[in-house]
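Let's take a walk through this structure together, beginning with its cross-links and then stepping back to the whole chain.

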Amino acid sequence: MYFDATTRKCQECSRNTFTLGYGNLSCKNCPEGSMSELGSTSCKPCEAGRYRNAGDVSCMPCPEDSIAPYPGTTVCRHCPDNTSANAQRTFCGTCRTYRTWLM
């Protein structure tokens with residue numbers, strides 16, 4: 001929460017912003033690659049397979065054939081030629097790789 005000098009009331013931080021402790025006069029933006037819910041005191045990284053840029057409301061899934069192998073990603077990487085992303089968008093592999101995983 002923060003103290004809004006205009007309304008002279010304590011307010012919850014909006015989504016994708018946070019405050020640390022008490023006595024704050026404003027909320028800080030979550031860094032890219034992370035997000036927060038309404039009233040948060042911290043930001044959490046986007047899960048692997050998802051990303052968030054400053055203008056995004058929430059962590060977004062990577063597009064088809066691109067991946068975010070680690071939490072906290074801001075940009076998804078395209079899979080190399082002759083590979084595709086798994087359903088979770090965390091790994092690029094060949095059809096042979098997926099066949100092995102399915103067995």
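The link between Cys 13 and Cys 27 is left-handed, with -90° about the S-S bond. Its two sulfur atoms sit 2.0 Å apart. This pair joins distant parts of the chain, 14 residues apart: Cys 13 is in the loop between β2 (9-11) and β3 (17-18), while Cys 27 is in the loop between β3 and β4 (28-29). How accessible are the two partners? Cys 13 counts as buried, because its relative accessibility is 0%. Cys 27, with a relative accessible area of 22%, is partly exposed. All of this is read from a predicted model.

A second bond connects Cys 30 and Cys 43, again with the sulfur atoms 2.0 Å apart. The torsion about this S-S bond is -85°, and the link is left-handed. Cys 30 lies in the loop between β4 and β5 (34-35) and Cys 43 in the loop between β5 and β6 (44-45), so the disulfide ties together parts that are 13 residues apart in sequence. Here too the partners can be described one by one: Cys 30 is buried at 7% relative accessibility, and Cys 43 is partly exposed at 23%.

Further along the chain, a disulfide joins Cys 79 to Cys 92, with an S to S distance of 2.1 Å. Its torsion about the S-S bond is about -80°, so this disulfide is left-handed. Cys 79 lies in the loop between β10 (77-78) and β11 (84-85), and Cys 92 is in strand β12 (residues 92-93), so the pair ties together parts that are 13 residues apart in sequence. Both Cys 79 and Cys 92 are buried.

Here are these three bonds side by side.

| Disulfide | S to S distance | Torsion about the S-S bond |
|---|---|---|
| Cys 13 and Cys 27 | 2.0 Å | -90° |
| Cys 30 and Cys 43 | 2.0 Å | -85° |
| Cys 79 and Cys 92 | 2.1 Å | about -80° |

How many disulfides does the structure hold? There are 5, among them the ones in the table. When the bonded cysteines are numbered in sequence order, the pairing reads 1-2, 3-4, 5-6, 7-8, 9-10. Cys 10 is in no disulfide, and the nearest cysteine sulfur, that of Cys 13, is 11 Å away. Cys 10 is exposed, because its relative accessible area of 53% is over the 50% cut-off.

Which residues does Thr 17 touch, apart from its neighbours within four places in sequence? Thr 17 is found in strand β3, and its contacts are Cys 27, Lys 28, Asn 29, Cys 30, Ser 36 and Ser 40. Two of the bonded cysteines described above, Cys 27 and Cys 30, therefore appear in this list. Thr 17 has a relative accessible area of 9% and counts as buried, because that value is under 20%.

Two arginines deserve a look for their backbone. Arg 8 has a phi near 60°, a positive value in a residue other than glycine. Arg 8 lies in the loop between β1 (2-4) and β2, and at 62% relative accessibility it is exposed. Arg 89 also has a positive phi, near 60°, and this arginine lies in the loop between β11 and β12.

Now for the whole chain. The protein has 1 helix and 12 strands. From the N terminus on, the order of the elements is β-β-β-β-β-β-β-β-β-β-β-β-α.

How does its radius of gyration relate to that of a compact globule? The protein has 19 Å, whereas a compact globule of 103 residues would have a value near 13 Å. Along its principal axes, the C-alpha trace spans about 60 × 25 × 15 Å. Of the 103 residues, 29% count as buried. Among contacts with a separation of 6 or more, residues 24 or more positions apart account for 21%.

The surface completes the picture. The protein exposes about 7,200 Å², and carbon and sulfur atoms supply 54% of that area. As for charge, there are 11 positive and 9 negative charges, and their mean positions are 4 Å apart.

Definitions and conventions. Residues are numbered from 1 along each chain as its sequence is written. This is a predicted model: local features need pLDDT of at least 70, side-chain atom pairs count only at pLDDT 80 or more; totals for chains, interfaces and linings use all residues. Side-chain values use heavy atoms; hydrogens and water are left out. Helices (H or I, at least four residues) and strands (E, at least two) are DSSP runs, numbered from the N terminus. The radius of gyration is taken over C-alpha atoms; the globule rule is 2.2 Å times the number of residues to the power 0.38. Buried means under 20% relative accessible area, exposed over 50%, partly exposed in between (1.4 Å probe, protein chains only). Contact means heavy atoms within 4.5 Å. Accessible areas come from the Shrake-Rupley method with a 1.4 Å probe; for residues, only the protein chains shown count as cover. Lys and Arg count as positive and Asp and Glu as negative; His and the chain ends are not counted. The place of a charge is taken as NZ of Lys, CZ of Arg, CG of Asp or CD of Glu. A disulfide is a pair of cysteine sulfur atoms within 2.5 Å.
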